[in-house]
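User: I would like a close look at one part of this structure, taken slowly and with its surroundings kept in view. Please work from the model shown here.

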Amino acid sequence: MSYCEKCKRLEMIPFSQEDINHALENGGLFTKSLDHGDHMLSLKIDCNGSVRRETVFQR
Ligand SMILES: [Zn+2]
């Protein structure tokens with residue numbers, strides 16, 4: 001689950017086996033960006049599907 005500090009939204013992170021494979025090839029982390037309308041939530045996720053870092057970007 002990811003948490004957006006900007007809009008207080010909790011949501012499931014959509015990721016695939018391909019993302020996991022990518023993580024394993026890149027030091028164990030992959031990045032997902034979620035579109036929240038006026039801002040983006042960027043997530044660093046490890047190969048267990050746990051969020052390591054959440055960053056909010058303003059548009
Ligand atoms: Zn948000």
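Leaving aside its neighbours within four places in sequence, which residues is Ile-45 in contact with? Please set the answer in the context of the strand and sheet around that residue.

Analyst: This is a predicted model, and what follows should be read in that light. Once the neighbours within four places in sequence are left aside, Ile-45 is in contact with Ile-13, Phe-15, Leu-29, Phe-30, Lys-32, Ser-50, Val-51 and Arg-52. One of these partners, Phe-30, also belongs with Ile-45 to the largest nonpolar core, a set of five residues that is completed by Ala-23, Leu-41 and Leu-43. The strand that gives the most to this core is E4, which spans residues 39-46 and supplies three residues.

The sheet around this strand comes next. E4 is part of an open sheet of three strands, arranged in the order E3-E4-E5 with antiparallel pairing. Strand E3 (29-35) and E5 are the edge strands, each of them pairing on one side only, and from one strand to the next the twist averages 20°. In a regular strand, side chains alternate between the two faces of the sheet.

The pairing of E4 with E5 can be followed in some detail, since seven bridges join the two strands in the antiparallel sense. Among the positions that can be named, His-39 stands opposite Gln-58 in E5, while Leu-43, a member of the nonpolar core, has Glu-54 in E5 as its bridge partner. The two strands form a hairpin with four residues between them, and in that turn Gly-49 has a positive phi of about 85°. In contrast to the buried core residues contributed by E4, strand E5 (residues 51-58) lies largely in the open, because the number buried among its eight residues is zero.

Two places outside this sheet deserve a short note. Asn-21 is found in helix H1, residues 17-25, and counts as exposed because it has 12 C-beta neighbours inside 10 Å. The C-alpha atom of Asn-21 is separated by 8.0 Å from that of Cys-47, although the two residues are 26 apart along the chain. Lys-8, in turn, has its place in the loop between strand E1 (2-4) and strand E2 (9-11). Lys-8 is exposed, with 7 other C-beta atoms within 10 Å, and has a positive phi of about 60° although it is not a glycine.

Definitions and conventions
Residues numbered from 1 in each chain as written. Predicted model: local features only at pLDDT ≥ 70, side-chain atom pairs only at ≥ 80, totals over all residues. Buried ≥ 20, exposed ≤ 12 C-beta atoms within 10 Å, placed from the backbone. Core = buried A, V, L, I, M, F, W, Y, C linked by C-beta atoms within 7 Å. Contact = placed C-beta atoms within 7 Å. Pairing = 2+ DSSP bridges. Axes fitted to C-alpha atoms, helices over the stretch in contact; angles between N-to-C directions.
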